[in-house]
Amino acid sequence: MAVDAALVERLDGALEQDLEPTQGRLGKVRRYLKGEHDDPYMPKGAKAEYKHLAKRAITNWTPLLSDTYSKGLFVDGYRPARSGDNLTAWSYWQENKLDARQSIVHRGALDYGTSYNLILPGTVQTRRVPLMKPLSPLRATAWYRDVDDDFPEVGLRRVGTTIDGARLVEVFDKTSRYTYALPKDSGKWVLSKVEDHGQGVTPFVRFRDRLDDESVGIIRPIINLQDRVNEVVFATLIALQYASFRQRWATGLVVPEDDDGNPISPFEAAVDRLWVSDSDGAKFGDFAQTELSGHMAAYESTVRTLAAVSQVSPNILTGDLVNLSADALAQMEASTQRKISEYETLFGESWELSFHLAAQAAGDPSAADAGAQVRWRDTEARSLASTVDALGKIAQMLQVPVEALWEKIPGVTDTDVTRWKELRDSGDVLGALVGDFQRQTAVIEAPAADEE
């Protein structure tokens with residue numbers, strides 16, 4: 001496929017259309033994540049007070065759903081099938097600071113359905129270290145001939161803006177990287193640079209939240225439920241605003257009139273005002289207040305439906321669970337953990353493909369193993385005491401080496417395991433030195449004891 005200004009304009013225009021805030025595939029999701037939701041329904045000619053309550057009714061649950069899954073997805077190693085040590089390609093991960101930047105592709109795929117990882121040759125001082133750059137779908141897009149292809153036909157990345165206001169994009173195909181600029185006062189893209197990347201494929205690795213259908217992410221399917229939550233909160237606020245102060249009524253009064261014959265209210269209703277009349281036939285009363293229990297029940301039901309559809313544990317959204325055992329909490333979070341495991345499988349394949357392409361970019365194909373897999377950090381919430389007890393029983397009863405169980409401890413990283421092994425080895429060396437010193441001392445002091 002020939003890369004020219006017309007193709008760049010078409011690809012950038014398609015991305016801009018997806019970013020449109022009202023109906024764009026990405027723009028609407030982005031707007032909801034920022035809390036800029038559609039207003040709840042209001043009748044035409046609604047007062048400013050209604051509009052104020054509508055803004056206050058926005059209860060943004062969408063970032064919490066995204067955070068719940070993204071916080072459980074951390075790659076912590078890249079190992080062959082039968083080894084406890086990471087492959088050489090893992091050093092590329094550290095060089096590119098992916099411990100933190102991996103969340104860009106994870107959140108992009110979770111929120112919007114698709115994200116990308118750009119792999120290019122690079123150098124650090126004199127060493128060949130490939131560039132692994134996670135790309136958000138808000139700044140990059142790619143076109144695939146077949147939906148199941150590993151690599152696209154062409155990919156586009158928005159770079160930024162120059163100091164004089166020109167927009168810059170990079171377009172990649174199987175052989176080259178093309179840099180195009182759109183001057184501030186011009187509507188035509190201009191080619192500024194062409195470079196061969198030598199990868200043999202378009203160096204975009206795609207991360208998707210599902211493979212059997214359109215990747216939509218976890219936010220788009222629950223936008224209607226999010227709007228329903230806002231509607232319930234809006235109705236509750238209206239009830240509080242207009243029915244929390246009981247409306248009073250009075251009969252048997254003579255209503256005064258102004259000079260034009262218009263009736264004048266004999267009382268000014270307020271929380272701190274008392275109605276008094278000297279008329280013998282006057283009667284007073286008030287209307288019953290609005291019962292809010294139905295509103296609160298509707299709100300809780302909607303939030304629980306939101307949790308069920310998104311497969312998030314209800315206690316994460318409601319937070320009203322008390323006196324539950326660890327086993328009960330684990331059972332409630334089972335669906336969330338299974339969903340996280342599914343994402344680990346999907347994203348793990350993409351990371352492994354990234355490592356293979358990175359090893360090729362570094363000129364060392366042996367740095368990546370065809371049977372190697374990424375290791376995911378265990379982030380499941382468990383009782384540390386019960387976990388350690390279970391691991392101890394596994395080591396004792398099943399004769400599993402304790403070193404193989406260290407990485408099963410919650411919160412322990414691959415760096416921690418490596419450090420523990422070093423400390424264990426250094427402890428053995430020091431023990432041997434101390435033993436030798438004690439034996440030598442005993443040999444020297446023995447004759448002195450005999451003489452005494």
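**Exercise 1.** In this predicted model, determine whether Asn230 is buried or exposed, and describe its surroundings.

*Solution.*
Step 1. The relative accessibility of Asn230 is 1%. Buried means under 20% relative accessible area; Asn230 therefore counts as buried.
Step 2. Asn230 lies in helix α7, which spans residues 223–243.
Step 3. Neighbours within four places in sequence are set aside; the residues in contact with Asn230 are then His37, Pro40, Ala57, Ile58 and Thr59.
Step 4. With one of these residues, His37, there is a polar contact between side chains, at 3.0 Å from Asn230.

**Exercise 2.** Identify the residues with the most contacts inside the largest nonpolar core, and state which helix supplies the largest share of this core.

*Solution.*
Step 1. The largest nonpolar core comprises 70 residues. Within it, Tyr78, Tyr92, Phe347 and Trp351 have the most contacts.
Step 2. Helix α11 (residues 334–361) contributes nine residues, the largest share of this core.
Step 3. Apart from neighbours within four places in sequence, the contacts of Tyr78 include Trp90, Glu352, Phe355, His356, Ala368 and Val374.
Step 4. A second core, separate from this one, has nine residues, among them Leu118, Leu120, Leu135 and Ala142.

**Exercise 3.** Characterise the protein chain as a whole by its secondary structure, burial, contacts and surface.

*Solution.*
Step 1. The chain contains 14 helices and 14 strands.
Step 2. Of its 452 residues, 38% count as buried.
Step 3. Among contacts with a separation of 6 or more, 64% join residues 24 or more positions apart.
Step 4. The accessible surface amounts to about 26,200 Å²; carbon and sulfur atoms account for 52% of this surface.

Definitions and conventions. Residues are numbered from 1 along each chain as its sequence is written. This is a predicted model: local features need pLDDT of at least 70, side-chain atom pairs count only at pLDDT 80 or more; totals for chains, interfaces and linings use all residues. Side-chain values use heavy atoms; hydrogens and water are left out. A nonpolar core is a set of buried Ala, Val, Leu, Ile, Met, Phe, Trp, Tyr and Cys residues joined through side-chain atoms within 4.5 Å. Buried means under 20% relative accessible area, exposed over 50%, partly exposed in between (1.4 Å probe, protein chains only). Helices (H or I, at least four residues) and strands (E, at least two) are DSSP runs, numbered from the N terminus. Contact means heavy atoms within 4.5 Å. A polar contact is a pair of N or O atoms within 3.5 Å; within protein, one must be able to donate a hydrogen and the other to accept it, and residues adjacent in sequence count only if both atoms are side-chain atoms. Accessible areas come from the Shrake-Rupley method with a 1.4 Å probe; for residues, only the protein chains shown count as cover.
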